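Me: I would like a close look at one part of this protein chain, with the surrounding structure brought in where it helps. Please set the part in its context and then work outward from it.

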Amino acid sequence: MEVYKKLSELTKKYPNPAVAMGMFDGVHVGHASIISRAVELAKLNKGTAMVLTFSNHPLSVLTPEKMPLMIGNRTLRRSIVESLGIEVMIELPFSKEFSKISPEDFLTLLEEKVAPQYVVTGQNFTFGRFGKGNGRLLIREGEHYGFKAEICPTVTVDRKTVSSTRIRELIASGDLENVNKLLGRPFNYISKVVHGDRRGRKLGFPTANLEIENYRAMLPNGAYAVSVRVAGVDYCGIANIGDNPTFNVNDRRLEVYIHDFNDNLYGQDIAVSFLEKLRDEQKFQSVDDLVNQLRQDLQRALSIRKN
């Protein structure tokens, strides 16, 4: 998948583009339906499947105090979008200057640089100054700018609309089962491995430590069965989110033990997929009690992975 930061870098470089437009935070099942439709239209017209999005959330510029926690990061979004069949991804930086562009000027820019044959969005998509551009405008004015617009229907799960807002609420409440159902895959956290206290190695459970970035949505504290992807290979693991109360540490982090893995991971990106919650965070009376519990957690995680 090719990734671009500016529309000017394309200048009608690709044939018959079908473009899915949206923020696509977390790329949940609703987003996937929009992206998959663009892929389908591109194939039907022997064209190029594209995603047009922003590298930063518009609210981070317009009203930072209302900026929502992000379900994923750019690395995760790129990975999922590519897996859905997208060939070209355009990640525009959102700025105050960009926010002042009228819907019509944005569509003119899109026509001049991308020349889409199809534009596909969701029901709540808006664009242009004050968000005045919407699906109705795309359908009404699309022919003038050389494309046909499609507005995908809202996706529901258990008779409720799937949205990033709802998923954030479920993450915060710890409802991992429904989080994964709405995402269409396990909740995933990608980050670089940082140096920790190295206590785990002494206990026989060396952990990869990941910082919990303050702009990211994260599950409540506790132990979880996880799958860990390292350099394209998936491993079984157990993860702990919390402050490490047994050792009186007050530094919330994500610590991951990767089963049957011994390589040095410092500075590398790893992807942690949360499969099931094992237990709440606990303070153990002794190190031996902690180690015994970790052994039990690992056996449960291995059983979950098999099923």
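The reply below begins with the helix of interest and then turns to other sites in the chain.

Me: Which residues of helix α7 (residues 164–173) are buried, and what covers them?

Reply: The model is a predicted one, and what is said here should be read as computed from that model. The chain has 307 residues, of which 49% count as buried. Its secondary structure consists of 10 helices and 16 strands. Along the principal axes, the C-alpha trace spans about 70 × 40 × 40 Å. Among contacts with a separation of 6 or more, 73% are between residues 24 or more positions apart.

Within helix α7, which covers residues 164–173, the buried residues are S164, R166, I167, R168, L170 and I171. The list holds serine and arginine as well as isoleucine and leucine. The cover over these buried residues includes two helices, α1 (29–44) and α8 (176–183). It also includes the strands β9 (156–157), β10 (160–161) and β11 (187–194). Just after the helix, G174 adopts a positive phi of about 85°.

Helix α1, one of the elements that cover α7, carries a salt bridge of its own. The side chains of R37 and E40 meet there at 2.9 Å, N to O. Because the two residues are three apart in helix α1, about one helical turn separates them. Both partners are partly exposed: E40 has a relative accessibility of 41%, and R37 has 22%.

The loop that runs from α1 to β3 (48–54) contains K46. K46 has a positive phi of about 50° although it is not a glycine. Most residues other than glycine have a negative phi. With a relative accessibility of 74%, K46 counts as exposed. A further case is F130, a residue other than glycine with a positive phi of about 60°. F130 belongs to the loop between β6 (126–127) and β7 (133–134), and at 66% relative accessible area this phenylalanine is exposed.

The salt bridge in α1 belongs to a wider set, since a search of the whole structure finds 14. Another of them joins the side chains of R78 and E91, at 2.7 Å from N to O. R78 lies in helix α3 (residues 74–83) and E91 in strand β4 (residues 88–92), so this pair ties together parts that are 13 residues apart in sequence. The two ends of the bridge have unlike surroundings: E91 is buried, at 0% relative accessibility, whereas R78 is partly exposed, at 27%. The side chains of R140 and E141 also form a salt bridge, at 3.4 Å from N to O. In that pair R140 is exposed, with 57% relative accessibility, and E141 is partly exposed, with 29%. Shared partners also link salt bridges into one network that contains K5, R77, R78 and E91.

Charge can also be considered for the chain as a whole. There are 41 positive and 36 negative charges, and their mean positions are 1 Å apart. Locally, K96, K100, R129 and K132 form a positive surface patch. One of its members, K96, is in helix α4 (residues 96–99) and is exposed at 55% relative accessibility. The accessible surface of the chain amounts to about 15600 Å², and carbon and sulfur atoms account for 46% of that area.

A final site is P116, in the loop between α5 (103–113) and β5 (118–121). In contrast to the exposed loop residues K46 and F130, P116 is buried, with a relative accessible area of 1%. Leaving aside neighbours within four places in sequence, P116 is in contact with P17, V19, L110, E111, G146 and F147. P116 and Y14 are 102 residues apart in sequence, yet their C-alpha atoms are 9.3 Å apart in space.

To return to the part requested, helix α7 has buried residues that include S164 and I171, with helices α1 and α8 among the elements that cover them, and G174 with its positive phi comes just after the helix.

Definitions and conventions: Residues are numbered from 1 along each chain as its sequence is written. This is a predicted model: local features need pLDDT of at least 70, side-chain atom pairs count only at pLDDT 80 or more; totals for chains, interfaces and linings use all residues. Side-chain values use heavy atoms; hydrogens and water are left out. Helices (H or I, at least four residues) and strands (E, at least two) are DSSP runs, numbered from the N terminus. Buried means under 20% relative accessible area, exposed over 50%, partly exposed in between (1.4 Å probe, protein chains only). Contact means heavy atoms within 4.5 Å. Accessible areas come from the Shrake-Rupley method with a 1.4 Å probe; for residues, only the protein chains shown count as cover. Lys and Arg count as positive and Asp and Glu as negative; His and the chain ends are not counted. The place of a charge is taken as NZ of Lys, CZ of Arg, CG of Asp or CD of Glu. Patches are made of residues with over 30% relative accessible area and no salt bridge: like charges are joined within 9 Å, nonpolar side chains (Val, Leu, Ile, Met, Phe, Trp, Tyr) within 5 Å. A salt bridge is a side-chain nitrogen of Lys or Arg within 4 Å of a carboxyl oxygen of Asp or Glu.
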